[in-house]
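Please look over the sequence and the model below. The report that follows takes up strand pairing, helix packing, a metal site and one selected residue in turn.

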Amino acid sequence: MKGIGASPGIAIGKVLVKEETKVEVEKKSIEDTKAEIERLQEARERSKEQIEKLYNHALENIGKDEAKIFEAHMLILDDPEYFGQVENKIKSENANAEWALKTVTDTFVAMFENMDNEYMRERAADIKDVSGRVLKLLLGIDTTDFSNLDEEVIIVAKDLTPSDTAQMDKEKVIGFVTEIGGRTSHSAIMARTLEIPAVVGVEGILEAAQNGDTIVFDGDEGEVYVNPEEKVIEGYEDKKKKYEEFKEKLEELKGAKSVTKDGVEVELVANIGTPKDVEGVIRNDGEGIGLYRTEFLYMDRDKLPTEDEQFEAYKEVVEKLEGKPVVIRTLDIGGDKELPYLDLPEEMNPFLGYRAIRLCLDKTDIFKTQLRALLRASAYGNLKIMFPMISSIAEVRQAKKILEEVKEELRSENVEFDDNIEVGMMIEIPAAAVMSDLFAKEVDFFSIGTNDLIQYTTAVDRMNQKISYLYSQFHPALLRLVKQVIDNAHKEGIWVGMCGEAAGDPKLIPVLLGMGLDEFSMSPISILRARWIIRNTSKEEMEEMVNKVLNMATAEEVEKFIDENISVL
Ligand code: PEP
Ligand code: MG
């Protein structure tokens, strides 16, 4: 069965199905509605106690950011609008609390689930999680407990709620497979943070797997087998052993240089979303940060972050990196990332719409606040600023002009900042790639964002499952653009990095080395593997291969050629 690989590693073990307790709710007529509302209040209070425990458990065992999910749950429990509607339903219909809660929740969930935006759709999961907890308390049903397992298991579930993942015993849960969810769902993010192998979005897994069945999967590839033949299990045991041996070998690369066999050194850096991710960067020996996606600072809250809040976050990151380069990208909101409190009108094509630098150049107060915070933090380390979604020369010039104005403001206030701060831009729109010769005269560096560059070059929505077979990092059109960008950057004497997922792709790394890419930025868990590949590749040999690849006709041809002639893994 096939799903989406959500967290790397090989898992072989026994299934534990998370029972979806069928909660049957019927409408009943109630006389004493006041007592019914009190019963609801009591269940709310007890839910709060449970969530507080989960919050503390997550804070101690997982991390501040993961614990935050439960702050969001608390907010839902405290939401007067939501529970006000439930109470009204009880009163107006003389109905039981269970039915009133379920009816109101269904409306809220439907509203969130129908939103275009994946992030908002995921919020529906939070509401379900909270209401499910209150409902079970009202009905006196026990919730599945993953904290007290006595053997190793692989959890199979429709979806895992934050409450499930937060109480998991990391020693016992050796993997999980879910029927729904994407790479950005809570369960997928949590799996990567906990470094537990996981596959999500496996249709039909709940019908196929039962308690005690044997299940094996590779969290990179997304292929899942239930009760496979002994031969398959042996194959995976072998794979697991090799994976673990390889991981141990990678440990030895901590502290080593990212240098090719023929002596060319490149920079191997990390993508992060919050200051907390720095821990993983340091643990995996990242040589800096190639992309700090600042939009997470703006999300999961109800108003814009202040200049000081932002300053603290940026300062924390540059200080922890102790002088190593930190590329911080200005706000890239829009597309799949929304800020409800900005109250932006819905768009037909959000990925082609009012987003990122376009929004910042329009709402300059938001942009200036961020630039002030970035400049102030630049006094504490090696900070570089990067603009996202640039499609025209006018936009870079305008962004730089505003940056100069902000610098002038800080100077007049005698606030310290790095006057020689490097300013770069993302190359993620074909127009910018095609005109990179001219863009290279405007900035100090480029970072190629392949996630978007693939989607815009091939006109394939990166979130649309149905056409995902057309979305490929091996597409010759993408590779030609990448080569062109690198050459144009070097002609102007600026450096060029890549921070899209393709930069960490083990098959593409040698090709990118051959093309002359200077910096590779990826999720922290991929760094040591990339270093191993770099150290086992000769740039000169790759240069010849690049010419062949650039003349190929299809993505399949490119991938096959790499598999047969280039791959070192
Ligand atoms: C990209 O587009 O490749 C990129 C790194 O940005 P994001 O994934 O945040 O759009
Ligand atoms: Mg992008």
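## The closed barrel

In this predicted model, strand β8 (residues 267–272) runs parallel to strand β9 (residues 289–293), and three bridges join the two. Within this pairing, Ala270 of β8 has Ile289 standing opposite in β9. Helix α14 (residues 364–377) packs on the sheet to which these strands belong, touching β10 and β11, and the direction of α14 makes about 160° with that of β11.

The wider arrangement is a closed barrel of eight strands with parallel pairing, and the strands follow one another as β8-β9-β10-β11-β12-β13-β14-β15. From one strand to the next, the twist averages 25°.

## Strand β11 and its two partners

Strand β11, which covers residues 382–387, is mostly covered, since five of its six residues are buried. On one pairing, β11 is joined to strand β10 (residues 325–329) in the parallel sense over five bridges, and here Asn382 in β11 is the bridge partner of Pro325.

The pairing of β11 with β12 is likewise in the parallel sense and extends over three bridges. In that register, Ile385 has Val423 in β12 as its bridge partner.

## The magnesium site

The magnesium ion, ligand 2 in the model, is coordinated by Glu428 through OE and by Asp452 through OD, at 2.0 to 2.1 Å. Glu428 lies in the loop between β12 (423–427) and α16 (430–434), whereas Asp452 belongs to helix α18 (residues 450–458), so the pair ties together parts that are 24 residues apart in sequence. Glu428 and Asp452 are both buried, a term that here stands for a relative accessible area under 20%.

## The open mixed sheet

Apart from the barrel strands, seven strands form an open sheet in which the pairing is mixed, and their order is β1-β5-β4-β3-β2-β6-β7. The edges are held by β1 (4–7) and β7 (224–226), each of which has a single partner strand, so one side of each is left without a neighbour in the sheet. On average, neighbouring strands of this sheet are turned by 30° against each other when direction is ignored.

Helix α9 (residues 230–251) packs on this sheet, where the helix touches β2, β6 and β7, and the direction of α9 makes about 120° with that of β2.

## Strand β2 within the open sheet

Strand β2 (residues 10–17) and strand β6 (residues 214–218) run antiparallel and are joined by five bridges. Two of the residue pairs in this pairing can be followed directly in the model: Ile10 stands opposite Asp218 in β6, and Ala11 has Phe217 in β6 as its bridge partner.

The pairing of β2 with strand β3 (residues 153–157) runs parallel instead, with three bridges joining the two strands, and Val17 has Val156 in β3 as its bridge partner. Six of the eight residues of β2 are buried, so this strand is largely enclosed by the rest of the structure.

## The pair of helices α22 and α23

The axes of helix α22 (residues 539–550) and helix α23 (residues 555–565) come within 10 Å of each other and cross at roughly 155°. That angle makes α22 roughly antiparallel to α23, because angles over 145 degrees count as roughly antiparallel. In this arrangement α22 passes α23 in a right-handed crossing.

The residues that bring the two helices together are Met545, Lys548 and Val549 on the side of α22, which meet Val558, Phe561 and Asn565 in α23.

## The surroundings of Ile51

Ile51 lies in helix α1, which spans residues 33–61. How buried or exposed is Ile51? With a relative accessible area of 0%, Ile51 is buried, because residues under 20% relative accessible area are placed in that class.

Once its neighbours within four places in sequence are left aside, Ile51 is in contact with Phe70, His73, Met74, Leu77 and Arg133. For a sense of distance across the chain, Ile51 and Ser521 are 470 residues apart in sequence, and their C-alpha atoms are 36 Å apart in space.

How values were computed: Residues numbered from 1 in each chain as written. Chains lettered and ligands numbered in written order. Predicted model: local features only at pLDDT ≥ 70, side-chain atom pairs only at ≥ 80, totals over all residues. Heavy atoms only, no water. Pairing = 2+ DSSP bridges. Helix = DSSP H or I, 4+ residues; strand = E, 2+ residues; numbered from the N terminus. Axes fitted to C-alpha atoms, helices over the stretch in contact; angles between N-to-C directions. Contact = heavy atoms within 4.5 Å. Donors = N, O, S within 2.8 Å, 3.2 Å for Na, K, Ca; no water. Buried < 20%, exposed > 50% of the residue type's maximum accessible area, 1.4 Å probe, protein only. Parallel < 35°, antiparallel > 145°, perpendicular 65-115°, else oblique. Left-handed = near helix turned anticlockwise from the far one by under 90°.
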